[in-house]
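Biologist: I should like a close look at one part of this model, namely the packing of its helices. Please describe that part in detail and then relate it to the remainder of the fold.

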Amino acid sequence: MFKRLSSISIGLRYENAPGAFGLIPQGTRKSAAPVQTAANGAHEQGNEMNHIDRETASPAARAVDLTKTYGKGDAVVRALDGVSVEFARGRFTAVMGPSGSGKSTLMHCMAGLDVPTSGRAFVGDQEIERLDDAGLTDLRRDRIGFVFQSFNLVPTLTAGENITLPIDLAGAEIDQAWFDYLVEALGIADRLSHRPSEMSGGQQQGVACARALIRRPELIFADEPTGNLDSSSSAEVLAFLRRSVTEHDQSIVMVTHDPRGAAYADRVVFLADGKVVGELLSPTADSVLEQLMKLGS
Ligand SMILES: Nc1ncnc2c1ncn2[C@@H]1O[C@H](COP(=O)(O)OP(=O)(O)O)[C@@H](O)[C@H]1O
Ligand SMILES: [Mg+2]
């Protein structure tokens, strides 16, 4: 896993995301359908207990009539135009839509990385708007993981140090067994002393995934996590995310352009012009493609 050098993205892009140096400090229907485990259409029934818990639990996150506008007057852009959506706990939800449809803005507003113009965003039962600065920092550091397209690793830290950064910042103890599991599952166990510039794109995104999961957050937001990866590294990342949901009951919301990527999810939410325009349960690459064509994107 992740051993192959990425031909596309041996990148040095450390684009600063909202938050802090790229680290994440820096009703919907709950699908009763079998959990789809891979793009090839294989299905696997989820653990029955988890299934019951999921049905009764509050959503991992929800937005109520969220709007976000940029600019003023004639130049105003409505990035979000009244989005109400729920993301179920213990499920993998994909968000798709044309470029500029508001996908990143939605992720940022729901993760507390950006402030909506109006409307409400909740993580669990916690309304983000009601948090003070310290509460917001705790939310981003402890309860949410974020994976960015451009990895956003700290270039001066090793892979291992990048992964444990959220723990170090929180002054918490490392769960060594969980750390070992993550780096093994992501195929980066032998790269822990390397700096990001010495790693392939796939390996860097592996580090970013491990960093996002190390605190076992309630919810992971991933904004085009495979956008800079070749197909083999993409498949590794997607399979890992799928496994985190199926085996570890992680809740994941992932923006993707790729119907094959969306097919790893349990549900796809489609955005256009800042609005939710459709959804699909138990998606396959074909059904996603069909829906995208219907929506004219
Ligand atoms: N900081 C910003 N200032 C002005 N306009 C912005 C800003 N961020 C996003 N937008 C605009 O908001 C719309 C939605 O952007 P975005 O959420 O990034 O879309 P997506 O992720 O779906 O490509 C686009 O029209 C974009 O140009
Ligand atoms: Mg985007």
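Modeller: In this predicted model, helix α4 (residues 159-170) and helix α6 (residues 201-213) have axes that come within 7 Å of each other and cross at roughly 25 degrees. That angle makes α4 roughly parallel to α6, angles under 35 degrees being counted in this way. The crossing in which α4 passes α6 is right-handed. On the α4 side the contact involves A159, N162, I163, L165 and P166, and these meet V207, A210 and R211 in α6. Sorted by class, the residues of this contact of α4 with α6 are six nonpolar, one polar and one charged.

Helix α6 also packs with helix α7 (residues 231-248), at an angle of about 15 degrees and with the two axes 9 Å apart. This again makes the pair, α6 and α7, roughly parallel. Here too the crossing is right-handed, with α6 passing α7. From α6, the residues G201, G202, Q205, C209 and L213 make the contact, and from α7 they are S233, E236, V237, F240 and S244. The contact of α6 with α7 divides into four nonpolar, five polar and one charged residues.

A further helix packs on a sheet. Helix α9 (residues 285-294) lies across β5, β11 (267-272) and β12, and runs at about 155 degrees to β12. These three strands belong to an open sheet of six strands with mixed pairing, in the order β8-β9-β10-β5-β11-β12. At its edges stand β8 (144-148) and β12 (275-281); each has a single partner strand, so one side of each is left without a neighbour in the sheet. On average, and with direction ignored, neighbouring strands of this sheet are turned by 20 degrees against each other.

Within the six-stranded sheet, strand β5 (residues 92-96) pairs with strand β10 (residues 251-255) in the parallel sense, over four bridges. In this pairing T93 has V253 of β10 as its bridge partner. By contrast, β11 and β12 pair in the antiparallel sense, over six bridges, and A272 has K275 of β12 as its bridge partner. The two strands β11 and β12 form a hairpin with two residues between them, and D273 in the turn has a positive phi of about 50 degrees.

Another open sheet consists of four strands in the order β4-β3-β6-β7, with antiparallel pairing. Its edges are β4 and β7 (126-127), each with a single partner strand, so that one side of each is left without a neighbour in the sheet. Strand β6 (residues 118-123) and β7 run antiparallel and are joined by two bridges, with E127 in β7 as the bridge partner of F122.

The surroundings of the ligand complete the description. Ligand 1 is surrounded by Y70, V77, A79, G97, S99, G100, S101, G102, K103, S104 and T105. The elements giving two or more residues to this shell are β4 (77-87) and α2 (103-110), and α2 provides the largest share, three residues. By class, the shell around ligand 1 has three nonpolar, seven polar and one charged residues.

Definitions and conventions
Residues are numbered from 1 along each chain as its sequence is written. Chains are lettered from A and ligands numbered from 1 in the order in which they are written. This is a predicted model: local features need pLDDT of at least 70, side-chain atom pairs count only at pLDDT 80 or more; totals for chains, interfaces and linings use all residues. Two strands pair if DSSP finds at least two bridges between them. Axes are lines fitted to C-alpha atoms, for helices over the stretch in contact, and angles run from 0 to 180 degrees between N-to-C directions. Two residues are in contact if their C-beta atoms, placed from the backbone, lie within 7 Å. A residue is near a molecule or strand if its C-beta atom, placed from the backbone, lies within 6 Å of it. Ala, Val, Leu, Ile, Met, Phe, Trp, Tyr, Cys and Pro count as nonpolar, Asp, Glu, Lys and Arg as charged, and the others, Gly among them, as polar. Angles under 35 degrees count as roughly parallel, over 145 as roughly antiparallel, 65 to 115 as roughly perpendicular and the rest as oblique. A crossing is left-handed if the near helix is turned anticlockwise from the far one by less than a right angle, and right-handed if clockwise.
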